[in-house]
Amino acid sequence: MSKLTLAPLPYAYDALEPWIDEQTMRIHHDKHHQAYLDNLLKAINGTEFENVAPEKLLASLAEVPEKIRSAVRNHGGGYVNHNLFWEIMAPGAGGAPSGDLAAALGTQFGGFDSFKQKFSAAAAGQFGSGWAWLVVKRDGTLGLYGLPNQDNPISNGDQAILGLDVWEHAYYLKYQNRRAEYIESWWNVVNWKRVDELYRRAKK
Ligand code: MN3
């Protein structure tokens, strides 16, 4: 049996108000995230992969048997992606990063505002369900792109340090079809301290 569990949110359900509403956080974490975990467990329990970290499975999907590959990709991706999502947000956060990450964003994207604009555009332009990602590539440089569904950058060999969920379940209750407004609001809850930690860890 896999030992994976759903960690509680690192803050209260209403802590990200008014940017992300309590009901959305409750359903998103307790129902959607839980379902990704449940379905991942259904796929891997009783197989030789039940004690393999889902990140490791996502990093080498080709080696996962076809029978459970889609489940691992979609539900394992959903499980891993949301673990990151909760921790890169925090109440009273937002603003701009500092330190090494700020410098790298400046060099690679022409400054923080320009990075923000490009990341928002990737999130807004993701057709249908998916995520916008800021990643550290194998060579240590940053990358920015959107991916469909629950695909995680680790399947491309990249380490995600920031992700924005643009599935409708992430914003529809409060923002309905106004994805751009959700994206704009989301910047107010980005936990740059945590993103910078993930950046420095990924660079090692
Ligand atoms: Mn989601």
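1. Glutamine 176 is partly exposed, because its relative accessible area is 30%, which falls between the 20% and 50% cut-offs. This is a predicted model, and the backbone at this residue deserves a look. Phi of glutamine 176 is positive, about 50°, although the residue is not a glycine. Glutamine 176 sits in the loop between helix 6 (172–175) and helix 7 (179–186).

2. Asparagine 149 also calls for a check of the backbone. Its phi is near 55°, a positive value in a residue other than glycine. Asparagine 149 belongs to the loop between strand 2 and strand 3. With a relative accessible area of 38%, asparagine 149 counts as partly exposed.

3. Look next at the peptide bond between glutamate 17 and proline 18. That bond is cis, with omega about 0°. Proline 18 lies in the segment before helix 1.

4. Now the overall plan. The chain has 8 helices and 3 strands. Reading from the N terminus, the order is α-α-α-α-α-β-β-β-α-α-α. You can trace that order in the structure above.

5. What is the radius of gyration of the chain? The value is 17 Å. A compact globule of 204 residues would have a radius of gyration near 17 Å, so the chain agrees with that expectation. Along the principal axes, the C-alpha atoms fill a box of roughly 45 × 40 × 30 Å.

6. Next, the inside and the surface. Of the 204 residues in the chain, 48% are buried. The chain exposes about 9,900 Å². Carbon and sulfur atoms supply 50% of that exposed area. Contacts across the sequence add to the picture. Take the contacts between residues at least 6 apart in sequence: 68% of them join residues at least 24 apart.

7. Turn to charge. The chain carries 21 positive and 23 negative charges. The mean positions of the two sets are 3 Å apart. Side chains of opposite charge can pair when their charged atoms come close. How many salt bridges does the structure hold? It holds 7.

8. One of these salt bridges joins glutamate 87 and arginine 194, with the closest N and O atoms 2.8 Å apart. The pair links distant parts of the chain, 107 residues apart. Glutamate 87 is in helix 3 (residues 66–87), and arginine 194 is in helix 8 (residues 192–203). Is each partner buried or exposed? Glutamate 87 has 27% relative accessibility, so it counts as partly exposed. Arginine 194 has 18%, so it counts as buried; the cut-off for buried is under 20%.

9. Helix 8 also holds a salt bridge within itself. Lysine 193 pairs with glutamate 197, and their closest N and O atoms are 4.0 Å apart. The two residues are 4 apart in helix 8, so about one helical turn separates them. Lysine 193 is exposed, at 64% relative accessibility. Glutamate 197 is partly exposed, at 31%. Salt bridges link Glu87, Lys193, Arg194 and Glu197 in a network.

10. Aspartate 196 and arginine 200 form another salt bridge, with the closest N and O atoms 3.1 Å apart. Both residues lie in helix 8, 4 residues apart, about one turn of the helix. Aspartate 196 is buried, with a relative accessible area of 12%. Arginine 200 is partly exposed, with a relative accessible area of 39%.

11. Aspartate 158 deserves its own point. Which side chain of opposite charge is nearest to aspartate 158? That is arginine 138, 6.0 Å away. Aspartate 158 is buried yet has no salt bridge; a salt bridge needs a nitrogen and an oxygen within 4 Å. Aspartate 158 lies in the loop between strand 2 (142–148) and strand 3 (159–165). Leaving aside neighbours within four places in sequence, its contacts are Val135, Val136, Lys137, Arg138, Tyr145 and Pro153.

12. Last, aspartate 38. This residue is in helix 1 (residues 22–44). It counts as partly exposed, at 35% relative accessibility. Aspartate 38 and asparagine 83 are 45 residues apart in sequence. In space, their C-alpha atoms are 14 Å apart.

Note on methods: Residues are numbered from 1 along each chain as its sequence is written. This is a predicted model: local features need pLDDT of at least 70, side-chain atom pairs count only at pLDDT 80 or more; totals for chains, interfaces and linings use all residues. Side-chain values use heavy atoms; hydrogens and water are left out. The radius of gyration is taken over C-alpha atoms; the globule rule is 2.2 Å times the number of residues to the power 0.38. Buried means under 20% relative accessible area, exposed over 50%, partly exposed in between (1.4 Å probe, protein chains only). Contact means heavy atoms within 4.5 Å. Accessible areas come from the Shrake-Rupley method with a 1.4 Å probe; for residues, only the protein chains shown count as cover. Lys and Arg count as positive and Asp and Glu as negative; His and the chain ends are not counted. The place of a charge is taken as NZ of Lys, CZ of Arg, CG of Asp or CD of Glu.
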